[in-house]
Amino acid sequence: MEQAPAQASDAERLHGEFKTPGGKLTAVDLGVQAGRLAGVSVNGDFFLEPDEALLDINAALEGLPADTAPGELAAAITQRLDPSAVLFGFSPEAIATAVRRALGRASSFADHQWEIIPPTPLPTAMHVAMDEVLTRDVGAGTRNPTLRFWEWQVPSVVIGSFQSMRNEVDPGGADRHGVTVVRRISGGGAMFMEHGNAITYSIYVPQSLVDGMSFADSYPFLDAWVMEALQKLGIQAWYQPLNDIATEVGKIGGAAQKRLANGGMLHHVTMSYDIDADKMLEVLRIGREKMSDKGTKSAKKRVDPLRRQTGLAREEIIGVMMDTFRERYGAVEGSLSADDLRRAEDLVEHKFGTEEWLYRVP
């Protein structure tokens with residue numbers, strides 16, 4: 001007869017939780033004996049059929065090395081479950097994240113002291129350079145995880161790290177409207193911004209915060225506070241996979257990410273407040289393939305600005321966003337130091353302000 005797994009004492013029991021964005025809470029209680037998971041108990045307010053599948057999930061984790069990678073934890077659960085099992089409101093990946101949090105290998109928002117840097121005017125090249133500076137600092141553990149709002153000085157296009165300059169930007173239109181073009185370190189699509197027409201923010205986090213999550217899951221997870229803020233403003237928004245933020249009347253923004261080798265992670269979002277669609281179409285070359293993929297014939301219809309949906313000033317919307325983040329995560333106000341600015345200026349000189357970087361994909 002199979003014996004029940006040995007239970008660690010209450011003092012040795014570890015507890016981890018993870019709430020799936022838009023889903024349910026997954027909790028895991030476990031011990032570690034001789035470097036392996038012991039007495040694993042997965043629980044939460046999720047739905048699971050059949051009931052016996054919970055025993056299979058626990059058994060799949062029992063005895064695994066405590067340093068098992070998150071993907072391997074999820075794979076072990078999937079392999080053990082009968083294909084007919086139904087998990088609603090959670091997933092093997094959610095369980096893996098809860099396990100890693102119990103072991104102290106993954107973190108939650110509550111594990112960190114957060115800072116907010118209010119909108120700060122900078123040249124566009126300085127903004128993308130500052131993203132690299134602060135992401136590296138958070139990865140190195142020399143800075144708290146931080147939310148930073150951008151402020152624009154000149155009309156700008158920021159293209160994704162892997163985009164072709166010639167395919168994305170019309171040089172005649174850019175020159176005609178005095179548009180500065182820079183390339184950022186994250187992937188994704190081009191952003192067109194003028195002073196006061198967009199809301200852009202960057203979040204700098206340790207990768208432990210998204211440990212075990214897929215790229216697709218990490219986007220809504222990191223922006224759950226944004227959805228709450230938009231709801232306060234009367235907007236029901238959601239993520240349109242992979243990285244678009246949408247409402248029932250149209251797209252309002254897009255996100256991009258970059259993970260650095262030192263453990264830092266950049267997640268940033270641009271949302272349209274009052275975009276000049278005619279000017280945008282003269283500056284950006286928005287291809288037919290992208291239009292057909294989004295199910296629309298007009299680029300003007302792709303983005304529905306926040307001004308039209310809320311009737312509020314841009315500053316009021318940013319205020320609600322900052323208040324929501326502050327209330328939700330206990331954030332305190334931060335700032336850019338003279339050293340931050342100096343290092344960003346150096347990056348502009350040697351990287352972001354160079355033709356080599358801007359045209360690295362011609």
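In the predicted model, the secondary structure of the chain comprises 14 helices and 16 strands. The radius of gyration is 23 Å, close to the 21 Å that the globule rule gives for 362 residues, so the chain is as compact as a globular protein of that length. Taken along the principal axes, the box filled by the C-alpha atoms has dimensions of roughly 80 × 45 × 40 Å. Among contacts with a separation of 6 or more, 71% are accounted for by residues 24 or more positions apart.

With respect to solvent exposure, 52% of the 362 residues count as buried, and the accessible surface of the chain comes to about 16,700 Å², with carbon and sulfur atoms contributing 50% of that area. The charged side chains number 37 positive and 50 negative, and a distance of 6 Å separates the centres of the two sets.

Aromatic side chains were examined across the whole structure, where the search finds 15 aromatic pairs. For Trp-150 and Trp-152, the ring centres lie 5.2 Å apart and the planes meet at 50°, so the pair is classed as tilted, an angle of that size falling between the limits of 30 degrees for stacked and 60 for edge-to-face. Both partners are withdrawn from solvent under the 20% cut-off for burial: Trp-150 counts as buried at 1% relative accessibility, and Trp-152 is likewise buried, with a relative accessible area of 1%. Elsewhere in the sequence, one aromatic cluster is formed by Phe-18, Phe-109, Trp-114, Phe-149, Tyr-201, Phe-221, Trp-225, Phe-325 and Tyr-329.

Terms used: Residues numbered from 1 in each chain as written. Predicted model: local features only at pLDDT ≥ 70, side-chain atom pairs only at ≥ 80, totals over all residues. Heavy atoms only, no water. Helix = DSSP H or I, 4+ residues; strand = E, 2+ residues; numbered from the N terminus. Rg over C-alpha atoms; globule rule 2.2 N^0.38 Å. Buried < 20%, exposed > 50% of the residue type's maximum accessible area, 1.4 Å probe, protein only. Contact = heavy atoms within 4.5 Å. Areas by Shrake-Rupley, 256 points an atom, 1.4 Å probe, with all protein chains shown as cover. Lys, Arg positive; Asp, Glu negative; His and termini not counted. Charge placed at Lys NZ, Arg CZ, Asp CG, Glu CD. Phe/Tyr/Trp six-rings, centres within 6.5 Å; stacked < 30°, edge-to-face > 60°.
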